[in-house]
Amino acid sequence: EVGIDDALVMETKEEIYEMNNGCVRCTVRGDLIRILNKLLKRKSKFDAILIETTGLANPAPVIQTFFVDEDLKESCQLDAVLCLVDAKHITQHLDEVKPEGVVNEAVQQVAFADRLLLNKIDLVSEAEKAAIIKRIRAINRGAELVECTNAAVDLAAVLGIQSFSMDKMLELDPDFLEDETQQHKEHHHHDHHCDASCTHEHHHHDHECDTTCSHEGDHHSHLDHKHDSSVTSVGIVSDGSADMRKLNAWLSGLLQERGPDLFRSKGILAIHGSDDK
């Protein structure tokens, strides 16, 4: 992994904490606990802490973090889980067939949300939007849905809404915290580290759903700890400066050949003849 997100923020008065990819139940959660506890020790108080995960994240471990760590449980209150839904492309992600035992992250994110922001509604027809809402409601009936364009939403609709309820979560899945508490203790006492090949056995449920499942609570039980090997990343590090013409030609060829397979690309480049990066 090549971490560059902190360097992409050119000017800011705020501190940037970067958590590199890893086993979300071990590495990332450990980073999250460490950083949050560090922030909470400051003299200055926060109005809120906003945690943004990647589009490929399973939200369950992040939620559990605030309840398996005693310091965080005492100091923080989980306000809400928000899910920004891309109305133009959400259907193809909900329909994506994953390897056996691997969760569909799009379904998980919709299922765990306390509030759903249906974005890009200007890019779909009314009929398409109605079908998307019906599909989303089949996964999560309880979350409030806010329609938006360009993700323009009043902050009052997403901050301080106090929508998350662990009692409700436990009603839907009584074992939601039990296995995670044990895992947290094991990692804490045995200094275990995971990487992408981690094969720990975690809590499993026998119920099987597809993306049209209407069991609102059942999706909260899909916490199988398996990584989707079909999604990988490639990092390129090279000394020197790049030729803009050759770089553009290479990127254009890559997009033409593998465009549908690319989720995103980002980088910091030194271009020959330019002082900018």
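Begin the tour by selecting V234, I236, W250 and L251, which together form a nonpolar patch on the surface with about 460 Å² of accessible area. This model is predicted, and every value along the way is computed from it. Within the patch, centre the view on V234, which sits in the loop between α9 (178-190) and α10 (244-258); V234 counts as exposed because its relative accessibility, 76%, is over the 50% cut-off.

Now zoom out to the whole protein chain and colour by secondary structure, which shows ten helices and three strands, arranged along the sequence in the pattern α-α-α-α-β-α-α-β-α-β-α-α-α. Of the 277 residues, 35% count as buried, while the accessible surface comes to about 18,100 Å², with 49% of that area belonging to carbon and sulfur atoms. If you draw the contacts between residues at least 6 apart in sequence, 72% of them join residues at least 24 apart.

Next, select helix α6, residues 105-112. How many of the residues of α6 are buried? Eight of the eight are, so the helix is largely enclosed by the rest of the structure. To see what does the covering, add α3 (59-68), β1, α5 (90-94), β2, α7 (126-139) and α8 (166-172), which are included among the elements over the buried residues of α6. At the N-terminal end of the helix, show N104 as sticks: N104 acts as a cap, with a side-chain oxygen lying 3.0 Å from the backbone nitrogen of A106.

Stay with α6 and pick E105, one of its buried residues. E105 forms a salt bridge with K98, the closest N and O atoms being 3.0 Å apart, and K98 also forms one with E96, where the corresponding separation is 3.7 Å. E96, K98 and E105 are thus best displayed together, since they are linked in a network of salt bridges. In this group E105 and K98 are both buried, K98 having a relative accessible area of 15%, whereas E96, at 30% relative accessibility, counts as partly exposed.

From there, move to R135 and D95, another salt bridge, with the closest N and O atoms 2.4 Å apart. The pair links distant parts of the chain, given that R135 belongs to helix α7 and D95 to the loop between α5 and α6, 40 residues apart. Is R135 buried or exposed? R135 is buried, with a relative accessible area of 16%, while its partner D95 counts as partly exposed at 41%. The structure holds nine salt bridges.

For the last stop, select strand β1, residues 82-86, whose covered face carries C83 and V85 and whose uncovered face carries L82, L84 and D86. In a regular strand the side chains alternate between the two faces of the sheet. Add strand β2, residues 115-119, and you will see that it pairs with β1 in the parallel sense over five bridges, L117 being the bridge partner of L84.

Finish on D86, which has its place in β1 and is partly exposed, with a relative accessible area of 24%. The side chain of D86 reaches the backbone nitrogen of K88 at 3.0 Å, and, leaving aside neighbours within four places in sequence, D86 is in contact with N119 and K120. A C-alpha to C-alpha distance drawn from D86 to I121 gives 8.3 Å, although these two residues are 35 apart in sequence.

Technical notes: Residues numbered from 1 in each chain as written. Predicted model: local features only at pLDDT ≥ 70, side-chain atom pairs only at ≥ 80, totals over all residues. Heavy atoms only, no water. Buried < 20%, exposed > 50% of the residue type's maximum accessible area, 1.4 Å probe, protein only. Helix = DSSP H or I, 4+ residues; strand = E, 2+ residues; numbered from the N terminus. Pairing = 2+ DSSP bridges. Contact = heavy atoms within 4.5 Å. Areas by Shrake-Rupley, 256 points an atom, 1.4 Å probe, with all protein chains shown as cover. Polar contact = N/O pair within 3.5 Å; in protein donor to acceptor, adjacent residues only side chain to side chain. Patch = residues over 30% accessible without salt bridge, like charges linked within 9 Å, V, L, I, M, F, W, Y side chains within 5 Å. Salt bridge = Lys/Arg side-chain N within 4 Å of Asp/Glu carboxyl O.
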